[in-house]
Amino acid sequence: MTKKRLFITLLIAIYSTLLGSEVTKYIRYVYQGQESYGILEGETVRELDGDIFSAPTLSGKTLQLSEVQLLAPCKPTKVIAVGLNYRSHIGNRPIPKYPGLFAKYPSSIIAHEESIIMTSDATDLHYEGELVIVIGKEVKNITVSEAHNYIFGVTAGNDVSERKWQRDDLQWLRAKASDTFGPIGPVITTGLNYNDLLLQTRLNGELQQSERTKDLVYNVDTIVSYISRYLTLFPGDIIFTGTPGTTKAMKPNDIVEIELEGVGVLRNKVVAAKDKKGIY
Ligand code: MG
């Protein structure tokens, strides 16, 4: 065995041990036209062979974060969201008797630094900073106490919502599931205590939302168990868990940042769509 090969094998052994319980940050990215998953350590990216949900190994190749284009950190088959899940957001409305679910689409998902596109008829487009659960294994019908075994990690998300459409439409489809209405990232972090993380939202640098995930009405494990009664969840599927406090309307060129403790800052700019007059 060459020295280089031995070194790589040792690294893989060390990382395999670490992957179990330690805090690890995963990214998905493009480098020279090639899409890969990697482990992020500071500014260093360690490339992985295979996807993060099926025992990846280190390829031995390292890159700098500045050299890669970040993608959304996973590719969900489904995107589920829970509404009204912090008392600070519920206000005077009754506490839901069970988690209130709605859907976004995989095509709503964008990466850190991608633009949120605001169509010309959007008049009340809000951010919603949220903790997002990333499922690690196929799962159906599990109890609350089993749920943690199926959760890969967490990321930050922005459940972008057009409030007028949310009020007026038959369902929340265009209000919640339009293209670009689901920024997630920049990383998926494993090994965190997702039941007590600080979640903050800034609009153009000003703090708007700040709360800990221990204040969730229905916590992460409860949400996963509840959803698993009805829907099979697959590796990479994601669940937005609800937003705290109050939200505000955004306008083109605004910068919105969602920061989740242990994950980092998800930053996106709002951009006016170049849609056609008379399209509807
Ligand atoms: Mg929400």
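Student: Which residues are the protein donors of the magnesium ion?
Tutor: In this predicted model, local features need pLDDT of at least 70, side-chain atom pairs count only at pLDDT 80 or more, and totals for chains, interfaces and linings use all residues. Residues are numbered from 1 along each chain as its sequence is written, and side-chain values use heavy atoms, with hydrogens and water left out. Donors are N, O and S atoms within 2.8 Å of the metal (3.2 Å for Na, K and Ca); water is not among the atoms, so sites may look incomplete. Lying 2.0 to 2.1 Å from the ion are Glu-128 (OE), Glu-130 (OE) and Asp-159 (OD).

Student: How many residues apart in sequence are the parts tied together by Glu-130 and Asp-159?
Tutor: The donor spacing is E-x1-E-x28-D. Strands (E, at least two residues) are DSSP runs, numbered from the N terminus. Glu-130 sits in strand β11 (residues 129-135) and Asp-159 in the loop between β12 (151-158) and β13 (161-162), so the pair links parts separated by 29 residues.

Student: Is Glu-130 buried or exposed?
Tutor: Buried means under 20% relative accessible area, exposed over 50%, partly exposed in between (1.4 Å probe, protein chains only). Glu-130 has 0% relative accessibility, so it counts as buried.

Student: Which peptide bond is cis?
Tutor: Look in strand β14 (residues 182-190), where Pro-186 is placed. Omega is near 0° for the bond from Gly-185 to Pro-186.

Student: Where does Gln-32 lie?
Tutor: Its phi is near 50°, positive in a residue other than glycine. At 69% relative accessibility, Gln-32 counts as exposed. Gln-32 is in the loop between β1 (24-31) and β2 (34-41).

Key: Helices (H or I, at least four residues) and strands (E, at least two) are DSSP runs, numbered from the N terminus.
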